[in-house]
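Trainee: Could we go through some features together, with the general idea before each case?

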Amino acid sequence: MNLLLIGNYFSGPGHNHNVWQDLAVHLPKIGFGVITTSSKAKKIPRLLDMLKTIWLCRNNYQIAQIDVFSGQAFIFAECSARLLQALNKPFVLTLHGGNLPKLALQNPQRVKKLLNIAKRVIAPSHYLREQMSKYRPDVILIPNPLELSKYPFILRKSPEPKLIWLRSFHEIYNPSLAPRVLAKLLSEFPEAHLTMIGPDKGDGSRQNTERVIEELRLPHHVEIRGGISKSDVPEALSQGDIFINTTHIDNTPISVMEAMACGLCVVSTNVGGIPYLLDDGVNALLVPPNDPQSMACAISRIMTEPGLAENISTCARQKTEGFDWSFILPKWESLFQEIVNE
């Protein structure tokens with residue numbers, strides 16, 4: 001069986017490696033032929049490339065899968081779906097991003113129309129399934145997976161104040177919160193250090209973060225690195241003990257799952273799908289968004305409360321064991337086989 005996967009298949013230092021790229025790698029291992037589109041970074045060429053591939057390869061695939069995002073990218077999904085519908089090609093929609101429910105609230109009929117022409121609609125989190133089931137009731141849950149064997153577990157019994165931040169430098173991830181949290185910690189933990197890793201998305205967030213670091217006189221306590229390859233993530237995470245997720249909007253971030261798999265103690269804002277993924281006080285600590293004092297206090301608890309770090313670290317790894325590709329890939333195989341059988 002051959003599949004056409006439609007989404008953002010970028011590569012290079014300016015882009016994070018994403019779960020849909022992993023799916024394109026793993027499906028051939030179980031016998032699927034895979035065509036992907038598009039690797040073009042600019043929006044209009046990307047859309048045109050998607051539509052051209054759908055048309056030119058129409059005799060080379062049986063099923064298509066479309067990644068659906070909010071914002072302008074939603075248009076890409078709509079255009080792709082309409083062309084596939086015209087070609088009488090069955091397709092699956094996979095929902096992404098914590099902002100998709102907001103788009104649906106603003107444009108309910110438009111979203112409902114798209115979702116209901118697909119053979120199946122997939123959500124990677126309980127949060128998105130719950131939110132988007134208002135527009136199509138049979139949304140299927142297939143979680144974002146990890147290749148767990150690539151993430152060595154280190155139990156954090158006695159953590160040091162070594163903080164890791166791993167996201168793109170973009171406004172929705174609120175990167176400038178990270179140094180503000182660090183500044184609150186230094187009076188109690190003067191040796192605290194923050195490493196920030198991720199590509200610059202070009203909206204000024206990295207420059208704003210650097211300005212905050214200078215204003216708070218933190219240059220010697222913060223290292224900012226660019227984006228790194230997927231294979232380098234476990235090694236980068238091993239350099240810290242506490243992972244901070246500062247985002248305004250979120251769904252089921254792979255970076256948080258990677259940190260949990262490695263045994264880091266996660267402190268995250270409690271936005272979007274995060275409370276569906278993380279259990280406060282069990283496998284992470286959750287705090288209100290954009291509140292440096294609350295996040296600093298949570299980190300202090302991990303550093304000082306007996307047994308807390310060890311429990312969070314252990315439970316975090318246990319949580320991710322259910323997300324291994326060995327569990328998730330058969331779900332995709334069954335889904336596509338069902339559609340072919342129909």
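Mentor: Let us begin with a single side chain: leaving out residues up to four places away in sequence, Gln131 touches Pro101 and Tyr276. Bear in mind throughout that this is a predicted model.

Trainee: Where does Gln131 lie, and does Gln131 count as buried or exposed?

Mentor: Gln131 is placed in helix 6, which covers residues 126-132. The general idea is that a residue is called buried when its relative accessible area is under 20%, so Gln131, at 19% relative accessibility, counts as buried.

Trainee: How is Arg206 to be read by that scale, buried or partly exposed?

Mentor: Values from that limit up to 50% are read as partly exposed, and because its relative accessibility is 21%, Arg206 counts as partly exposed. Arg206 belongs to helix 8, and, its neighbours within four places in sequence aside, Arg206 is in contact with Phe169, Asp200, Ile224, Arg225 and Gly226. For one of these, Ile224, the C-alpha atom is separated from that of Arg206 by 9.1 Å, although the two residues are 18 apart along the chain.

Trainee: What does Pro179 touch, and is Pro179 buried or exposed?

Mentor: Pro179 lies in helix 7, and with a relative accessibility of 0% Pro179 counts as buried. Beyond four places in sequence, Pro179 touches Leu194, Met196, Thr209, Val212, Ile213, Leu216 and Leu218. By contrast with those contacts, take a separation in space: the C-alpha atoms of Pro179 and His96, which are 83 residues apart along the chain, are separated by 28 Å.

Trainee: Which residues of helix 7 are buried, and what covers them?

Mentor: In helix 7, residues 177-185, the buried residues are Leu177, Ala178, Pro179, Val181, Leu182 and Leu185. Their cover includes strand 7 (162-166), strand 8 (193-197) and strand 9 (222-225), together with strand 10 (242-245), helix 8 (205-215) and helix 12 (292-304).

Trainee: How should the packing of helix 7 and helix 12 be described?

Mentor: One starts from the angle and the axis separation: helix 7 and helix 12 pack at about 60°, with their axes 8 Å apart. That angle makes helix 7 oblique to helix 12, and their crossing is right-handed. On the side of helix 7, Leu177, Arg180, Val181, Lys184 and Leu185 meet Pro292, Gln293, Met295, Ala296, Ile299 and Ser300 in helix 12. Sorted by class, this contact of helix 7 with helix 12 has seven nonpolar, two polar and two charged residues.

Trainee: At what angle do helix 3 and helix 5 pack, and is their crossing left-handed or right-handed?

Mentor: Helix 3 (residues 73-86) and helix 5 (residues 108-115) pack at an angle of about 40°, and their axes are 10 Å apart. Helix 3 is therefore oblique to helix 5, and the crossing of these two helices is left-handed. The residues that meet are Phe74, Ile75, Ala77, Glu78, Ala81 and Arg82 in helix 3, and Arg110, Val111, Lys113 and Leu114 in helix 5. This contact of helix 3 with helix 5 divides into six nonpolar, no polar and four charged residues.

Trainee: What span should helix 13 have, and how far apart are its end C-alpha atoms?

Mentor: Counting 1.5 Å a residue, the 13 residues of helix 13 (residues 308-320) should span 18 Å, and its end C-alpha atoms are 19 Å apart, which agrees. The buried residues of helix 13 are Leu308, Ala309, Ile312, Ser313, Cys315, Ala316, Arg317 and Thr320, and they pack against helix 10 (254-261), strand 11 (265-269), strand 12 (285-287) and helix 12.

Trainee: Finally, which backbone angles deserve attention here, and which peptide bond is cis?

Mentor: The general idea is that most residues other than glycine have a negative phi, and that most peptide bonds are trans. Asn88 has a positive phi, near 60°; Asn88 is found in the loop between helix 3 and strand 4 (91-95), and is exposed, with a relative accessible area of 66%. Arg217 likewise has a positive phi, near 55°, its place is in the loop between helix 8 and strand 9, and at 74% relative accessibility Arg217 counts as exposed. As for the peptide bond, the one from Thr37 to Ser38 is cis, with omega near 15°, and Ser38 is found in the loop between strand 2 (33-37) and helix 2 (43-56).

Key: Residues are numbered from 1 along each chain as its sequence is written. This is a predicted model: local features need pLDDT of at least 70, side-chain atom pairs count only at pLDDT 80 or more; totals for chains, interfaces and linings use all residues. Side-chain values use heavy atoms; hydrogens and water are left out. Buried means under 20% relative accessible area, exposed over 50%, partly exposed in between (1.4 Å probe, protein chains only). Helices (H or I, at least four residues) and strands (E, at least two) are DSSP runs, numbered from the N terminus. Contact means heavy atoms within 4.5 Å. Axes are lines fitted to C-alpha atoms, for helices over the stretch in contact, and angles run from 0 to 180 degrees between N-to-C directions. Angles under 35 degrees count as roughly parallel, over 145 as roughly antiparallel, 65 to 115 as roughly perpendicular and the rest as oblique. A crossing is left-handed if the near helix is turned anticlockwise from the far one by less than a right angle, and right-handed if clockwise. Ala, Val, Leu, Ile, Met, Phe, Trp, Tyr, Cys and Pro count as nonpolar, Asp, Glu, Lys and Arg as charged, and the others, Gly among them, as polar. The expected span of a helix is 1.5 Å times one less than its number of residues.
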